[in-house]
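Reader: I am new to this one. Please show me the model, and then let me ask about it piece by piece.

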Amino acid sequence: MDAGKRQQGGTPRVGLALGSGSARGWAHIGIIEALEEAGIRPEVVCGASIGALVGAAYASGNLPWLHEWVETLSWWDVVRLMDVRLNGGFIEGERLMEIFREYVEDQEIGKLSCRFAAVATDLETGREQWLEEGSLLDAVRASMALPGLFSPARYQERWLVDGGLVNPVPVSLCRALGAEVVIAVNLNGDIVGKRRKRPQERAAAEGRLDPLMNRLNESLRRNLPAALLSSGRGTDGSGSPGLFTVLLDSINIMQDRITRSRMAGDPPDIYLAPRLAHLGVLDYDRAAEAIEQGRRSMEKALPELLSVLES
């Protein structure tokens with residue numbers, strides 16, 4: 001079907017622009033499930049970073065498996081998935097993709113049941129790259145290469161990093177692939193300038209990173225300077241934020257500002273910002289909370305979406 005034509009019966013073609021946001025991305029699962037329960041099946045799915053991973057699972061028919069798997073993850077499972085190596089990033093990212101490959105058969109993107117594309121960033125030119133052909137899983141890996149955390153990915157003779165650097169919520173890509181009604185999901189929409197963690201909460205959250213920091217130290221031939229890895233927090237939790245907190249919160253701020261700027265020029269038809277401020281970007285073991293928040297945000301927006309579709 002041509003991009004400009006509507007589905008049989010005149011229903012507009014629905015597109016999902018699934019945003020970046022690391023562990024908060026499990027909210028995308030709840031959003032998609034709420035849509036399907038309402039009888040709405042997106043024909044175009046585009047994602048950046050974790051949005052590309054969830055979108056690929058959906059487009060390949062593996063979303064039920066992903067939902068089941070992420071809800072079984074413990075924090076120690078998450079730590080074991082982090083193949084720590086100082087090679088363009090703290091984490092190589094291959095262990096996660098190995099598990100994904102066990103359950104999601106690699107396919108040509110063009111052969112999926114719906115239009116799919118992932119966003120990445122060319123590390124050399126800084127240009128936005130739309131990955132809409134070739135290996136599905138290679139495209140996902142490239143889109144998830146968060147600078148400073150995951151190593152860059154080699155894809156079609158280019159070094160690529162996280163698509164969230166240039167297009168955190170790819171509304172423009174959805175429209176380019178033929179979507180007439182675009183649902184945009186900004187995972188960072190309630191993070192910046194909203195509820196900030198108290199020192200005690202921040203200390204507890206950073207304490208969860210200690211096993212990961214230990215693995216980082218063990219993986220290096222010589223330890224990084226202690227000051228680099230230390231959170232600097234005192235016994236009362238009032239110290240300065242640690243390395244990962246500074247790095248990831250800074251990326252959150254950047255992506256939220258880029259998203260707002262791009263949406264001002266290319267607004268979606270439906271905008272979702274699930275309430276995820278209480279979740280850290282590495283809280284992959286708290287999937288049930290993220291999925292529920294995603295579901296709630298979609299259910300709340302369903303009347304507006306149905307109105308748009310009917311009009």
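Reader: Which helix gives the largest share of the lining of the second largest cavity?

Author: This is a predicted model, in which local features need pLDDT of at least 70 and side-chain atom pairs count only at pLDDT 80 or more, while totals for chains, interfaces and linings use all residues. Residues are numbered from 1 along each chain as its sequence is written, and side-chain values use heavy atoms, with hydrogens and water left out. A cavity is a set of points on a 1 Å grid over the protein atoms alone where a 1.4 Å probe fits but cannot get out, and lining residues have an atom within 4 Å of a point. The largest share of this lining, 4 residues, comes from residues 243-265, helix H11.

Reader: How much space lies in the second largest cavity?

Author: The structure holds 4 cavities of 30 Å³ or more. Grid points are joined across faces, edges and corners, and a volume is the space filled by probe spheres set on the points. For the second largest cavity, that comes to about 60 Å³.

Reader: How do the residues of its lining divide into nonpolar, polar and charged?

Author: The lining includes Ser20, Leu146, Asp162 and Asn252. Ala, Val, Leu, Ile, Met, Phe, Trp, Tyr, Cys and Pro count as nonpolar, Asp, Glu, Lys and Arg as charged, and the others, Gly among them, as polar. The division is 4 nonpolar, 6 polar and 1 charged.

Reader: How many helices and strands are in the protein chain?

Author: Both are DSSP runs, numbered from the N terminus: helices are H or I with at least four residues, strands E with at least two. The count for the protein chain is 12 helices and 10 strands.

Reader: What percentage of the residues in the protein chain is buried?

Author: Buried means under 20% relative accessible area, exposed over 50%, and partly exposed in between, with a 1.4 Å probe and protein chains only. The protein chain has 311 residues. The buried part is 56%.

Reader: Which residue of S9 is the bridge partner of Ala17?

Author: Two strands pair if DSSP finds at least two bridges between them. Strand S1 (residues 14-18) and S9 are joined by 5 bridges and run parallel. S9 also runs parallel to strand S10 (residues 270-272), with 3 bridges. Tyr271 in S10 stands opposite the residue that partners Ala17, and that residue is Ala184.

Reader: Is strand S9 mostly covered or open?

Author: S9 spans residues 181-185. Val181, Ile183 and Val185 point one way, Val182 and Ala184 the other, and all are buried. With 5 of its 5 residues buried, S9 is mostly covered.

Reader: Why is H1 largely enclosed by the rest of the structure?

Author: The buried residues of H1 include Ala27, Ile31, Glu33 and Leu35. They pack against S1, helix H2 (50-59), H3, S9, S10 and H12. H1 is largely enclosed because its buried residues number 9 of 11.

Reader: What is the relative accessible area of His28?

Author: His28 sits in helix H1, residues 27-37. Contact means heavy atoms within 4.5 Å. Leaving aside neighbours within four places in sequence, His28 is in contact with residues that include Leu18, Ile50 and Val185. His28 is buried, and its relative accessible area is 0%.

Reader: How many residues of helix H3 are buried?

Author: H3 covers residues 63-70. Among its buried residues are Trp65, His67 and Trp69. The helix is largely enclosed by the rest of the structure, because the buried ones number 6 of 8.

Reader: What separates the C-alpha atoms of Leu305 and Tyr271?

Author: Leu305 is found in helix H12 and counts as buried, at 0% relative accessibility. Leaving aside neighbours within four places in sequence, its contacts include Val181, Ile183 and Ile270. Leu305 and Tyr271 are 34 residues apart along the chain, and their C-alpha atoms are separated by 9.9 Å.

Reader: Which helix gives the largest share of the lining of the second largest pocket?

Author: A pocket is an open set of grid points with protein on both sides within 12 Å along at least five of seven lines. The second largest has a volume of about 190 Å³. S10 and helix H12 (287-310) each give two or more residues to its lining. The largest share, 5 residues, comes from H12.
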